[in-house]
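Thanks for making the time this morning; I would like to walk through one model with you, element by element. Please have the sequence and the structure up as I talk.

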Amino acid sequence: MNENTISGDLIGVALRQLGAASIKEVHSMMHIANFDLGGGVEVSYVFNITKDSRYFLQRMRPYPLPQGKFSDAQEIIDFITVDIAAFRNAHNSKNFPRFVQVNDRMGQLVGQLEDLFLHYNVDGDALAAFHNELEKLVGAAETLRGQAKPL
């Protein structure tokens, strides 16, 4: 039995104990874990186990967000444990659907920027103006955080 299979199985058992609705394994290297929060809301993760026994984790739903590289199975379990608890709590917010919409739009923006970068010769002044608008959005997000009450 290969080490990736053992690590994947270990993570799978822990995620089932956390309430994962399903866990799919692809060639013992890629794993997809789905958590059903109810009301049509699903939180899904994809993690890959590399040949160096390192891990790369990405949240896929309710919006995609890479979480980074992890050195062992326990780090993956710990991250998902905290993340799922936070999503279960956030799911109760009346603003949850709006936050998901905002994150979806931000993801679309990242894709549009990559398309511009790779396929178009964008005017430097126009790009600078766009960057200034983006800085305003970052500032607005920081202001929101400063005004909001922690959960």
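Phe 70 sits in strand E5, which covers residues 65–70, and, keeping in mind that what we are looking at is a predicted model, I would start from there. With a relative accessible area of 10%, Phe 70 is under the 20% cut-off, and therefore it counts as buried. If you look from Phe 70 to Val 43, which is 27 residues away along the chain, the two C-alpha atoms are separated by 19 Å.

Just before that strand there is a loop, between strand E4, residues 55–61, and E5, and Pro 62 has its place in this loop. Please look at the bond that joins Arg 61 to Pro 62, since this peptide bond is cis, with an omega of about 10°. As a reminder, most peptide bonds are trans. Pro 62 also gives us a link to another part of the chain, in that its C-alpha atom is separated by 9.7 Å from that of Pro 97, although their positions lie 35 residues apart along the chain. Pro 97 itself belongs to helix H3, and at a relative accessible area of 49% Pro 97 is classed as partly exposed.

Let me turn to helix H2. Its 18 residues, at 1.5 Å a residue, should span 26 Å, and the C-alpha atoms at its two ends are indeed 26 Å apart, so the expected and the modelled spans agree. Which residues of H2 are buried? They are Ala 73, Ile 76, Ile 77, Ile 80, Asp 83, Ile 84 and Phe 87. When we look down the axis of H2, these buried residues fall within an arc of 140°, and so they line one face of the helix. At the start of H2, a side-chain oxygen of Asp 72 comes to within 3.1 Å of the backbone nitrogen of Gln 74.

One residue of H2 that I would single out is Asp 83, which has a relative accessible area of 10% and is therefore buried. What does the side chain of Asp 83 contact? There is a polar contact of 2.9 Å between the side chains of Asp 83 and Arg 59.

Following the chain onward, Asn 92 is found in the loop between H2 and H3. At 63% relative accessibility, Asn 92 is over the 50% cut-off, so it counts as exposed. Asn 92 and Leu 37 are 55 residues apart in sequence, while their C-alpha atoms are 9.9 Å apart in space.

For helix H4 we can repeat the length check: 24 residues at 1.5 Å a residue should span 34 Å, and the end C-alpha atoms are 35 Å apart, which agrees. The N-terminal end of H4 is capped by Asp 123, with a side-chain oxygen 3.1 Å from the backbone nitrogen of Asp 125.

These helices bring us to the largest pocket, which holds about 1,400 Å³ of space. It is lined by 30 residues, and those closest to its centre are Phe 99, Asn 103, Ala 141, Leu 144 and Arg 145. The elements that contribute two or more residues to this lining are helix H2, residues 73–90, helix H3, residues 96–119, and helix H4, residues 124–147. Which element gives the largest share of the lining? That is H3, with nine residues. In terms of character, the lining divides into 20 nonpolar residues, four polar ones and six charged ones.

Finally, let me go back to helix H1, residues 3–17, which contains Ala 14. Ala 14 has a relative accessibility of 15%, so it counts as buried. Between the C-alpha atoms of Ala 14 and Gly 107, which are 93 residues apart along the chain, the separation is 30 Å.

Technical notes:
Residues are numbered from 1 along each chain as its sequence is written. This is a predicted model: local features need pLDDT of at least 70, side-chain atom pairs count only at pLDDT 80 or more; totals for chains, interfaces and linings use all residues. Side-chain values use heavy atoms; hydrogens and water are left out. Helices (H or I, at least four residues) and strands (E, at least two) are DSSP runs, numbered from the N terminus. Buried means under 20% relative accessible area, exposed over 50%, partly exposed in between (1.4 Å probe, protein chains only). On a 1 Å grid over the protein atoms alone, a cavity is a set of points where a 1.4 Å probe fits but cannot get out, and a pocket is an open set with protein on both sides within 12 Å along at least five of seven lines; lining residues have an atom within 4 Å of a point. Grid points are joined across faces, edges and corners, and a volume is the space filled by probe spheres set on the points. Ala, Val, Leu, Ile, Met, Phe, Trp, Tyr, Cys and Pro count as nonpolar, Asp, Glu, Lys and Arg as charged, and the others, Gly among them, as polar. The expected span of a helix is 1.5 Å times one less than its number of residues. The arc is that of the directions from the helix axis to the C-beta atoms. A polar contact is a pair of N or O atoms within 3.5 Å; within protein, one must be able to donate a hydrogen and the other to accept it, and residues adjacent in sequence count only if both atoms are side-chain atoms.
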